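Work through the exercises below with the coordinates open. Try each task before reading its solution.

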Amino acid sequence: MTVNRFYASVMNVVKENIRRSLLKRRRSLPNKELKQASKKINAHLINEIQSRDLKKILMYQFIDNEPCINKTIELSWQKSREVYIPKVISREEII
């Protein structure tokens, strides 16, 4: 195994451990904290959308205790912005 392949392998393990740790933390967030975070994130996103001349916006559909950005999506539609939400088909395909 070359040094680069070894380094990449180690980095993949480290990244996966970080992902698992962050997911565990996110899932354990109290509902009140999640709502506060969602409110702050929406305020920031709405400010960005209103301060820029954005025509197309890529968003996400929240799942699994992620911050809710429905207010941002609704405002984007009201402002006649095109909103795109990716759909994961498999590990290799997103539409």
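**Exercise 1.** What covers the buried residues of helix 3? Find the cover, then place the helix's two sides.

*Solution.* The model is a predicted one. Step one: list the buried residues of helix 3, which are Thr72, Ile73, Leu75 and Ser76. Step two: look down the helix axis. These buried residues fall within an arc of 165 degrees, so they line one face of helix 3. Step three: find what lies over them. The cover includes helix 2, strand 1 and strand 2. Step four: turn to the face pointing away from the buried side. Lys71, Trp77 and Gln78 are exposed there.

**Exercise 2.** Determine how the buried residues of helix 2 are arranged and what they pack against.

*Solution.* Start with the extent. Helix 2 covers residues 31–51, 21 residues in total. From first C-alpha to last it reaches 30 Å, close to the 30 Å expected at 1.5 Å a residue. Next, pick out the buried positions: Leu34, Ser38, Asn42 and Ile49. Viewed down the axis, they stay within an arc of 70 degrees, so they line one face of helix 2. Their packing partners are strand 1 (56–58) and helix 3 (70–78). Finish on the other side of helix 2, where Lys32, Lys39, Lys40 and Ser51 are exposed.

**Exercise 3.** Which residues make up the largest nonpolar core, and what does Ile57 contact?

*Solution.* The core has six residues: Ile49, Ile57, Met59, Ile69, Ile73 and Val83. Two of the names have come up already. Ile49 is a buried residue of helix 2, and Ile73 is a buried residue of helix 3. Now take Ile57 and set aside its neighbours within four places in sequence. Its remaining contacts are Ile49, Ser76, Arg81, Glu82, Val83 and Tyr84. Among these, Ile49 and Val83 are also listed in the core.

**Exercise 4.** Locate Asp64 and Ser80, give the sign of phi for each, and state whether they are buried or exposed.

*Solution.* Take Asp64 first. It sits in the loop between strand 1 and helix 3. Its phi is positive, near 50 degrees, in a residue other than glycine. Its relative accessible area is 37%, which makes Asp64 partly exposed. Now Ser80. It lies just after helix 3, in the loop leading from that helix to strand 2. Its phi is also positive, about 60 degrees, though Ser80 is not a glycine. With a relative accessible area of 64%, Ser80 is exposed; the cut-off for that class is over 50%.

**Exercise 5.** Describe the order of the elements and the overall spread of the chain.

*Solution.* Count first: three helices and two strands. From the N terminus they run α-α-β-α-β. The radius of gyration is 18 Å, well over the 12 Å that the globule rule gives for 95 residues, so the chain is more spread out than a compact globule. Check the extents: the C-alpha trace spans about 55 × 30 × 25 Å along its principal axes. Then check burial. Of the 95 residues, 15% count as buried. Last, contact range. Among contacts with a separation of 6 or more, 62% join residues 24 or more positions apart.

**Exercise 6.** Where in the chain is confidence lowest, and where is it highest?

*Solution.* Begin with the whole chain: mean pLDDT is 91, and 99% of the residues reach 70 or more. Then go by element. Confidence is lowest in helix 1 (residues 3–27), with a mean of 91. It is highest in strand 2 (residues 82–84), at 94.

Key. Residues numbered from 1 in each chain as written. Predicted model: local features only at pLDDT ≥ 70, side-chain atom pairs only at ≥ 80, totals over all residues. Heavy atoms only, no water. Core = buried A, V, L, I, M, F, W, Y, C linked by side-chain atoms within 4.5 Å. Buried < 20%, exposed > 50% of the residue type's maximum accessible area, 1.4 Å probe, protein only. Contact = heavy atoms within 4.5 Å. Helix = DSSP H or I, 4+ residues; strand = E, 2+ residues; numbered from the N terminus. Expected span 1.5 Å × (residues − 1). Arc of directions from axis to C-beta. pLDDT = per-residue confidence, 0-100. Rg over C-alpha atoms; globule rule 2.2 N^0.38 Å.
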